[in-house]
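This report describes one protein model for a reader who has not seen it before. Please look through the sequence and the structure before reading on.

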Amino acid sequence: MKRLGSVQRKMPCVFVTEVKEEPSAKRDHQPFKVLATETISHKALDADIYSAIPTEKVDGTCCYVTTYKDQPYLWARLDRKPNKQAEKRFKNFLHSKGNPKEFFWNVEEDFKPAPECWIPAKEIEQINGNPVPDENGHIPGWVPVEKNNKQYCWHSSVVNYEFEIALVLKHHPDDSGLLEISAVPLSDLLEQTLELIGTNINGNPYGLGSKKHPLHLLIPHGAFQIRNLPSLKHNHLLSWFEGCKEGKIEGIVWHCSDGCLIKVHRHHLGLCWPIPDTYMNSRPVIINMNLNKCDSAFDIKCLFNHFSKIDNQKFARLKDIIFDV
């Protein structure tokens, strides 16, 4: 699979958006909606959106693979946020001025302390060696997922640092209609961002696993390319999301040739998410672990051990995977 762009900052919408004073369907207690107009944004046009590669936007939590302790490691998304005093100043400024780019931040004093191993996300703007907060007043970044860190236990369930492998969901290399769950060397994922999905992530929109037997997987960003997408018009995309089985997804992310990522979410078009039957769960999936050398070394309760016991089995849908434990 061709490696596409990584998610290191907030993605702009493909359309110009407008705020409607109606309760949000996306976020509880948010009294407004952000909806797409019919006008394609300047950012999308500047990035040559018409030549970009459209991919499925997957609903999970963002991760990153890079080096830590001299080996490939999974990192979890952790944004630095302002302290209470700075946040109050920022909100008052927005209320009076409206443009977050004009607000002055003192990064050393205005933000809550970050863990010692925290690193800022790539591609974010820097001034005098300090990262510049985004329009929400956050500094996107990453922390390494340590094996015994309870805060990131679902992240750590999909990696094994002893064997330097990760549990990855992607297309089967020889059959685009078939999904595949496999153990991928972390070294093959270096400098990629991925989405962690599963039982305890974002309300589990894909219906994976159960409370008793949680199931989590990594999906490389850009892994699910969209074929036969209609023309880039508001009403055409709306019809595609509503009327095609391929449109039963959270949204679309376009990977542009300059590395820019542009998105549209179902909520931008006034559509609901999550939905009962997603496109991801309509396709068959095969388990292809190929872990004969490692099988006996895995903890009996870990996901790698469970998947090794159903190696080479095929399931009609992702949500049909049940561990015999």
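Asn 202 counts as partly exposed, with 47% relative accessibility. The model is a predicted one. Asn 202 sits in the loop between β13 (193-198) and β14 (216-220), and although Asn 202 is not a glycine, its phi is positive, at about 50°. Asp 48 is not a glycine either and has a positive phi of about 60°. Its place is the loop between α1 (42-46) and β3 (53-57). With a relative accessible area of 35%, Asp 48 is partly exposed. Most residues other than glycine have a negative phi, and most peptide bonds are trans. The bond from Trp 273 to Pro 274 is cis, with omega near 5°. Pro 274 belongs to the loop between β16 and β17 (285-288).

The overall form comes next. The protein has 6 helices and 18 strands. Its radius of gyration is 21 Å, close to the 20 Å that the globule rule gives for 325 residues, so the protein is as compact as a globular protein of that length. Along the principal axes, the C-alpha atoms fill a box of roughly 60 × 50 × 35 Å. Of the 325 residues, 50% count as buried. Among the contacts with a separation of 6 or more, 65% come from residues 24 or more positions apart. The exposed surface is about 17,500 Å², and carbon and sulfur atoms supply 48% of it.

Which residues of helix α5 (residues 234-243) are buried? They are His 234, Leu 237, Trp 240 and Phe 241. These residues cover an arc of only 130° around the axis, which puts them on the same side of α5. An α-helix has 3.6 residues a turn, so residues three or four places apart point the same way. On the other side of α5, Glu 242 and Gly 243 are exposed. The cover over the buried residues of α5 includes the strands β1 (15-20), β2 (33-40), β15 (251-255) and β16 (261-265).

The aromatic rings form a further topic. A pair of aromatic rings is described by the distance of the centres and the angle of the planes. There are 14 aromatic pairs in the structure. Two of them are set out below.

| Pair | Geometry | Centre to centre | Angle between planes |
|---|---|---|---|
| Phe 90 and Phe 103 | edge-to-face | 5.2 Å | 70° |
| Trp 240 and Phe 241 | edge-to-face | 5.1 Å | 70° |

The pair of Phe 90 and Phe 103 links distant parts of the chain, with the two positions 13 residues apart in numbering. Phe 90 is in helix α2 (residues 84-96), while Phe 103 is in the loop between α2 and α3 (107-110). Phe 90 and Phe 103 are both buried. The same is said of the other pair in the table: Trp 240 and Phe 241 are both buried. Ring pairs also join Phe 90, Phe 93, Phe 103, Trp 105 and Phe 111 into a cluster.

Two arginines lie over ring faces. Arg 77 is over the face of Trp 142, at 5.9 Å from the ring centre. Arg 283 is over the face of Tyr 279, at 4.3 Å from the ring centre.

Methods. Residues numbered from 1 in each chain as written. Predicted model: local features only at pLDDT ≥ 70, side-chain atom pairs only at ≥ 80, totals over all residues. Heavy atoms only, no water. Phe/Tyr/Trp six-rings, centres within 6.5 Å; stacked < 30°, edge-to-face > 60°. Helix = DSSP H or I, 4+ residues; strand = E, 2+ residues; numbered from the N terminus. Buried < 20%, exposed > 50% of the residue type's maximum accessible area, 1.4 Å probe, protein only. Lys NZ or Arg CZ within 6 Å of the ring centre and 35° of its normal. Rg over C-alpha atoms; globule rule 2.2 N^0.38 Å. Contact = heavy atoms within 4.5 Å. Areas by Shrake-Rupley, 256 points an atom, 1.4 Å probe, with all protein chains shown as cover. Arc of directions from axis to C-beta.
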